[in-house]
Amino acid sequence: MRKMDEKTLTLGLDALWVMLSAVLVIGMQAGFALLEAGSTRMKNSGHVAGKQILSFAIASLAFWAFGFAITFGAGNSFIGTEGWFLKEGKGTFDSLSWANVPLELKFLFQLGFAGVSLAIAWGGFAERAKLSVYFLFGTIFTIAIYPVIGHWVWGGGWLGKMGMQDFAGSTVVHLQGAIAALVATILLGPRIGKFNKDKTPNVIPGHNQVYTVIGGLILWIGWFGFNAGSTMAVGDGFFGYVALTTNLAAAAGAIAAIVTAKILVGKADIPAMVNGVLAALVAITAACAFVEPWAAVVIGAVAGSFTFWTSIYFERKGIDDPIYAFSVHGVAGIIGTISTGFFASPRLVEITGIGKAGLFYGGGFDQLIVQTVGVLGAAVYVAAVSFVILYALKKTIGLRVTAEQEISGLDISEHGSYGYPEQLDPAYQPKTLAQQ
């Protein structure tokens with residue numbers, strides 16, 4: 001009787017932990033809203049923040065209807081073909097059978113991941129895309145793009161069978177969103193005024209660095225649900241180890257990024273520091289359960305520093321990525337995924353049961369090759385499908401608002417009101433005594 005009670009208690013604690021983790025991951029949408037609104041201009045702030053609610057609403061319905069089944073449902077090595085509308089049958093969701101929590105909690109937790117990936121993709125659309133595109137591309141991304149790579153790695157697909165190590169989604173979540181963002185950035189073209197005739201870039205600063213910092217902190221906190229929550233269990237306490245490596249990497253990324261900014265541009269740039277934290281978190285997301293703490297510090301520092309450099313590089317090449325989505329989530333996602341091919345510790349590989357030890361531990365090139373194949377396979381698929389979809393939308397309904405609407409701001413042109421009416425709307429400007 002006592003053993004049964006202990007088992008019941010463990011199952012209950014696991015369920016509570018997954019629910020808490022799901023709330024943390026879904027709460028990251030608030031972090032993205034503040035981060036992106038603060039990093040863009042005042043005239044677009046309401047639109048940029050509001051699209052997070054729209055985005056998560058679209059993802060919730062599409063992932064419930066089709067996305068979850070394609071990701072985790074029984075099928076073949078490429079897609080799941082069972083479990084539509086979360087309908088469970090015998091063996092339908094065996095790819096998640098290791099997690100001893102109700103199916104509804106598994107769905108909510110994984111939904112948070114899909115929502116984050118879609119939120120990342122929108123970074124490439126910022127300040128110039130039509131609202132209608134969010135509806136259409138958001139739905140297709142959640143059904144035909146994100147779940148496919150998810151199935152390849154986590155749902156019993158071909159990359160998972162190869163032993164690809166992506167514990168919480170450096171590739172599955174972040175690289176996917178970043179590739180879609182990059183394709184959108186290229187097809188949309190730069191914002192009006194971003195580049196001069198000689199192609200040199202102009203700085204278009206965000207309107208509120210405080211929002212950016214608060215958004216970054218919310219995301220940092222949410223990442224404990226993202227990474228540590230991916231254990232989906234509390235019994236062995238391994239979630240604590242994952243939380244430790246996650247936090248160490250983030251700290252290293254913050255310091256590395258602000259030092260790199262000081263060296264490269266001569267100033268300790270605050271948004272660069274925030275992006276350094278996020279880049280480090282993105283990178284450690286794949287590796288958090290496979291690497292030792294010292295390696296987590298190295299991975300975070302490399303990601304934070306390299307991400308800042310690439311953000312400058314891509315801008316100089318004429319790519320206008322308003323919140324540096326590809327540098328933060330794409331470049332760092334690649335770094336993090338590849339890193340386990342070097343740093344995966346034998347003792348941690350034994351604990352997780354996934355893949356092999358890395359090159360630096362005598363594991364040879366096997367895991368490094370698997371990680372590289374995974375990155376390339378995911379990147380090619382996401383880039384190809386995103387391009388086809390967005391190019392079709394561009395040639396039919398169009399991707400971009402008119403120049404007049406862009407200059408006016410998407411708050412007023414797409415929603416009919418400003419996020420900051422007292423500052424921008426003439427109707428709310430303070431009147432002089434003579435006007436009164």
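**Exercise A: the enclosed space**

In the lining of the largest cavity, α10 and α11 each supply at least two residues; work out what else surrounds this space and how much room it holds.

Ground rules: residues are numbered from 1 along each chain as its sequence is written, and side-chain values use heavy atoms, with hydrogens and water left out. The model is predicted, so to speak, by the book: local features need pLDDT of at least 70 and side-chain atom pairs pLDDT 80 or more, while totals for chains, interfaces and linings use all residues.

*Solution.*
- Start with the terms. On a 1 Å grid over the protein atoms alone, a cavity is a set of points where a 1.4 Å probe fits but cannot get out; a pocket is an open set with protein on both sides within 12 Å along at least five of seven lines, and lining residues have an atom within 4 Å of a point.
- Count next: there is one cavity of 30 Å³ or more, and the largest cavity holds about 90 Å³ (the space filled by probe spheres set on points joined across faces, edges and corners).
- Now walk round the wall: Leu182, Ser311, Phe314, Glu315, Ile319, Asp321, Tyr324, Phe326 and Ser327 line the largest cavity.
- Sort them by helix (a DSSP run of H or I, at least four residues, numbered from the N terminus). The largest share, three residues, comes from α10.
- Finish with chemistry: the lining of the largest cavity has five nonpolar, two polar and two charged residues (nonpolar: Ala, Val, Leu, Ile, Met, Phe, Trp, Tyr, Cys and Pro; charged: Asp, Glu, Lys and Arg; polar: the others, Gly among them).

**Exercise B: two pockets**

Which elements give two or more residues to the lining of the largest pocket, and which do so for the second largest pocket?

*Solution.*
- Take the largest pocket, with a volume of about 890 Å³. Its lining has 36 residues, and Val203, Asp269, Pro271, Glu315 and Tyr324 lie nearest its centre.
- The elements to list here are α1 (2-39), α7, α9, α10 and α11 (325-343). Of these, α10 gives the most, six residues.
- By class, the lining of the largest pocket splits into 16 nonpolar, eleven polar and nine charged residues.
- Now turn to the second largest pocket, at about 680 Å³. It is lined by 28 residues, with Trp98, Trp154, Phe167, Ser230 and Ile354 nearest its centre.
- For this pocket the list is α3, α4 and α12, and α3 provides the largest share, three residues.
- Its lining comes out as 15 nonpolar, eleven polar and two charged residues.

**Exercise C: charged pairs**

Find the partners of Arg191, Glu315 and Arg347, and say where each pair sits in the chain.

*Solution.*
- The structure holds nine salt bridges (a side-chain nitrogen of Lys or Arg within 4 Å of a carboxyl oxygen of Asp or Glu).
- Arg191 meets Glu127, with N to O at 2.4 Å. Arg191 is in the loop between α6 (170-188) and α7 (209-227) and Glu127 in the loop between α3 and α4 (131-154), so the bridge ties together parts 64 residues apart in sequence. Arg191 and Glu127 are buried (under 20% relative accessible area; exposed is over 50%, partly exposed in between; 1.4 Å probe, protein chains only).
- Glu315 pairs with Lys194 at 2.6 Å, N to O. Glu315 belongs to helix α10 (residues 293-316) and Lys194 to the loop between α6 and α7, 121 residues apart. Glu315 and Lys194 are both buried.
- Arg347 pairs with Glu292 at 2.9 Å, N to O. Here helix α12 (residues 346-352) holds Arg347, and the loop between α9 (270-287) and α10 holds Glu292, 55 residues away. Arg347 is partly exposed because its relative accessibility is 39%, whereas Glu292 counts as buried at 14%.
- To close, look for shared partners: Arg41, Glu127, Arg191 and Asp320 join into one network of salt bridges.

**Exercise D: a buried asparagine?**

Is Asn227 buried or exposed, and which residues does it touch beyond four places in sequence?

*Solution.*
- Place it: Asn227 is in helix α7.
- Check accessibility: Asn227 has 0% relative accessibility, so it counts as buried.
- List its contacts (heavy atoms within 4.5 Å): beyond residues up to four places away, Asn227 touches Phe167, Ala168, Val242, Thr246, Ile284, Thr285 and Cys288. One of these, Phe167, also lies among the residues nearest the centre of the second largest pocket.

Technical notes. Points joined across faces, edges and corners; volume = space filled by probe spheres on them.
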